[in-house]
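The following note is offered to a colleague who is meeting this structure for the first time. Its points are numbered so that each can be checked in turn.

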Amino acid sequence: MIEHKILFTGTVGAGKTTAIQAVSEIPTVCTDVISSDLTIGKKMTTVALDYGEVSLGQSERLRLYGTPGQARFSFMWDVLAKGALGLIILVDHTHPDPLKDLNLYLQHFARLIKETACVVAISKMDKSRPPPLQEFIGLLHKNHMANPVIAADVRDKEQVLWILDLLLAQMEVRV
Ligand SMILES: Nc1nc2c(ncn2[C@@H]2O[C@H](COP(=O)(O)OP(=O)(O)O)[C@@H](O)[C@H]2O)c(=O)[nH]1
Ligand SMILES: [Mg+2]
């Protein structure tokens, strides 16, 4: 069995837990607890990680890990990034400054992105307002990155599978 470790990251509420639960074939491990942090605007938050699995045919499996969103847990980001074969950055489009959010993850994971694969998925664009997708793509270009940037509703299994496809396509180019 060949296994690939895939990491989901993004701010609190961007949809990491939702995305992994949408596609996982095993009951997901989720360490959400009642949040003591009133600033993040939701009751439950992930303090350690999410985990789920998706198989690709008979002989390959994706192990999906979600990072805790809050930056004060960023030491965990590096632990989880070890050995990852690809990164999915989820950006909550309803956040006050989603471009700044994306930039934070692009900077923090710059090496992983350069050495492996990355897809940027903008969530909650159905509640649409600026900035348009083009500005997120522009931010990647400014950082000399040419990874795919798409809008996705991660509550929908098919859309999460599409994100994984886009990630795997980059890996195939690399091998
Ligand atoms: N309207 C809308 N809601 C979304 C979309 N994607 C995710 N959500 C919701 O946003 C919330 C994301 O929460 P969660 O998965 O816990 O985020 P996490 O903190 O990144 O793990 C959930 O309530 C989802 O149902 C989207 O594209 N549109
Ligand atoms: Mg979560």
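1. The loop after H5. His-144 is placed in the loop that runs between H5 and strand E7 (149-151). The model is a predicted one, and in it His-144 has a positive phi of about 60° although it is not a glycine. His-144 is exposed, with a relative accessibility of 78%.

2. The loop before H5. A second residue of this kind is Lys-124, which is not a glycine either and has a positive phi of about 65°. Lys-124 is found in the loop between E6 and H5. With a relative accessible area of 27%, Lys-124 counts as partly exposed.

3. A cis peptide bond. Pro-131 belongs to the loop between strand E6 (118-123) and helix H5 (133-142). The bond that joins Pro-130 to Pro-131 is cis, and its omega is about 0°. A reader inspecting this loop may wish to view Lys-124 together with Pro-131, as Lys-124 lies between E6 and H5 and so does Pro-131.

4. Strand E5. How many of the residues of E5 are buried? The count is 7 of 7, and the strand is mostly covered. On one side the buried residues are Gly-86, Ile-88, Leu-90 and Asp-92, and on the other they are Leu-87, Ile-89 and Val-91; both faces of E5 are thus covered.

5. Strand pairing. E5 pairs with E1 in the parallel sense, over 5 bridges. In this pairing Phe-8 stands opposite Ile-88 of E5. E5 also pairs with E6, again in the parallel sense, over 6 bridges. Here Leu-87 stands opposite Cys-118, a residue of E6.

6. Helix H3. The buried residues in H3 (residues 98-108) are Pro-98, Asp-101, Leu-102, Tyr-105 and Leu-106. Because they cover an arc of only 135° around the axis, they lie on the same side of H3. The elements against which the buried residues of H3 pack are strand E1 (2-10), helix H2 (74-81), strand E5 (86-92), helix H4 (110-115), E6 and H5.

7. The largest nonpolar core. This core has 26 residues, of which Ile-89, Leu-102, Phe-109 and Val-120 touch the most other members. At least two residues of the core come from each of H2, E5, H3, H4, E6 and H5. H2 gives the most, with 4 residues. In soluble globular proteins, nonpolar side chains tend to be buried together.

8. Leu-102 and a second core. Leaving aside neighbours within four places in sequence, Leu-102 is in contact with Ile-89, Val-91, Val-120, Phe-136, Leu-139 and Leu-140. There is also a second, separate core of 25 residues, and among its members are Ala-19, Val-119, Ile-163 and Leu-164.

9. A buried lysine. Lys-16 is part of helix H1 (residues 16-23). Which side chain of opposite charge is nearest to Lys-16? It is that of Asp-50, at 6.4 Å; Lys-16 is buried and has no salt bridge. The cut-off for a salt bridge is 4 Å, and therefore the pair does not qualify. Beyond its neighbours within four places in sequence, Lys-16 is in contact with Phe-8, Thr-9, Gly-10, Thr-11, Asp-50, Thr-67, Pro-68, Gly-69 and Leu-90.

Technical notes. Residues numbered from 1 in each chain as written. Chains lettered and ligands numbered in written order. Predicted model: local features only at pLDDT ≥ 70, side-chain atom pairs only at ≥ 80, totals over all residues. Heavy atoms only, no water. Buried < 20%, exposed > 50% of the residue type's maximum accessible area, 1.4 Å probe, protein only. Arc of directions from axis to C-beta. Contact = heavy atoms within 4.5 Å. Pairing = 2+ DSSP bridges. Lys, Arg positive; Asp, Glu negative; His and termini not counted. Core = buried A, V, L, I, M, F, W, Y, C linked by side-chain atoms within 4.5 Å.
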